[in-house]
Amino acid sequence: MSDVSLPRLQHIIGSGVVAAVGAWVTYISFTQQPSEAFLFPRLIATVFVILAIWTFAKACLGWTKVGSGISMPQITNLVPGLLVALVYIFWAAKGLGFYTATAIAFFVLLSLYDPAPHTALKSWLKRMIITACFMAVMYGLFALLLKVYTPREILF
């Protein structure tokens with residue numbers, strides 16, 4: 001594996017991590033009860049893991065075109081978003097409820113990555129409106145259209 005370039009190695013590691021997470025999520029969706037509540041996540045997780053394993057295999061076989069890899073400034077730009085995602089996945093979604101945690105996480109991510117100035121009231125209003133619209137779509141999709149289970153705790 002010494003002849004593998006750094007960008008290709010980054011792609012192999014990244015796609016391997018995504019494939020492992022996909023396999024874990026798929027396993028969880030097939031083993032949790034009540035099974036009816038996990039019907040939609042099971043479908044999505046199965047498609048997700050198939051695509052992730054396919055991408056990982058392509059990376060390992062060298063069939064994927066890779067660019068110059070991820071630079072250190074790009075990694076430091078991704079770290080805050082990854083930290084928000086980890087807090088959301090391992091604590092907030094269950095502890096605060098799906099919709100509350102999702103609204104907070106989306107608003108925080110939008111605030112972190114939106115290039116609009118943080119000193120302008122107009123940009124904060126725009127972020128709040130975008131978050132409210134996003135949450136309305138999420139609620140409509142999961143609760144009304146698909147009628148799937150979402151983690152419910154403190155608020156809803």
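Which residues does Ser15 touch, not counting residues up to four places away in sequence? In this predicted model, Ser15 touches Ala52, Thr55, Phe56 and Ala59 once those sequence neighbours are set aside. The report below begins with confidence, then follows Ser15 and its surroundings, and afterwards turns to helix 4 and its partner.

**Confidence**

The chain has a mean pLDDT of 86, and 92% of its residues reach 70 or more. Confidence in the chain is lowest in helix 1 (residues 6-31), where the mean is 88, whereas it is highest in helix 4, where the mean is 94. As a general caution, predicted coordinates should not be read in detail where pLDDT is low.

**Helix 1 and helix 2**

Ser15 is found in helix 1, and because its relative accessibility is 8%, under the 20% cut-off, it counts as buried. Its side chain has a polar atom that lies 2.8 Å from the backbone oxygen of His11, and the side chain of Ser15 also reaches the backbone oxygen of Ile12, at 3.3 Å. Ser15 is one of the buried residues of helix 1, which also include Ile12, Gly16, Ala19, Gly22, Thr26 and Ser29. What covers these buried residues of helix 1 includes helix 2.

On the other side of this pairing, helix 2 (residues 39-61) has its own buried residues, namely Arg42, Ala45, Val49, Ala52 and Ala59, and what covers them includes helix 1. Ala52 and Ala59, which are buried in helix 2, are also among the residues that Ser15 touches. After helix 2 comes Gly62, whose phi is positive, near 80 degrees.

The table sets out the lengths of these two helices, with the span taken from the first C-alpha to the last.

| Helix | Number of residues | Span | Expected span at 1.5 Å a residue |
|---|---|---|---|
| Helix 1 | 26 residues | 37 Å | 38 Å |
| Helix 2 | 23 residues | 33 Å | 33 Å |

For helix 1, the span is close to the expected value, and for helix 2 the span is likewise close to the expected value.

**Helix 4 and helix 5**

Gly97 lies in the loop between helix 3 (72-95) and helix 4, and because its relative accessibility is 0%, Gly97 counts as buried. Gly97 and Thr131 are 34 residues apart along the chain, and their C-alpha atoms are separated by 16 Å.

Helix 4 and helix 5 (residues 121-146) pack at an angle of about 145 degrees, with their axes 10 Å apart, and their crossing is right-handed. On the helix 4 side, the residues that meet helix 5 include Phe98, Tyr99, Phe106, Phe107 and Ser111, while the residues of helix 5 that they meet include Trp124, Arg127, Thr131, Phe134 and Tyr139.

Is Ser111 buried or exposed? Ser111 is buried, because its relative accessible area is 10%, under the 20% cut-off. Ser111 has its place in helix 4 (residues 98-113), and its side chain reaches the backbone oxygen of Phe107 at 2.8 Å. Leaving aside its neighbours within four places in sequence, Ser111 is in contact with His118, Trp124 and Arg127, and of these contacts, Trp124 and Arg127 are among the helix 5 residues at the meeting of the two helices.

Definitions and conventions:
Residues numbered from 1 in each chain as written. Heavy atoms only, no water. Helix = DSSP H or I, 4+ residues; strand = E, 2+ residues; numbered from the N terminus. Buried < 20%, exposed > 50% of the residue type's maximum accessible area, 1.4 Å probe, protein only. Polar contact = N/O pair within 3.5 Å; in protein donor to acceptor, adjacent residues only side chain to side chain. Contact = heavy atoms within 4.5 Å. pLDDT = per-residue confidence, 0-100. Expected span 1.5 Å × (residues − 1). Axes fitted to C-alpha atoms, helices over the stretch in contact; angles between N-to-C directions. Left-handed = near helix turned anticlockwise from the far one by under 90°.
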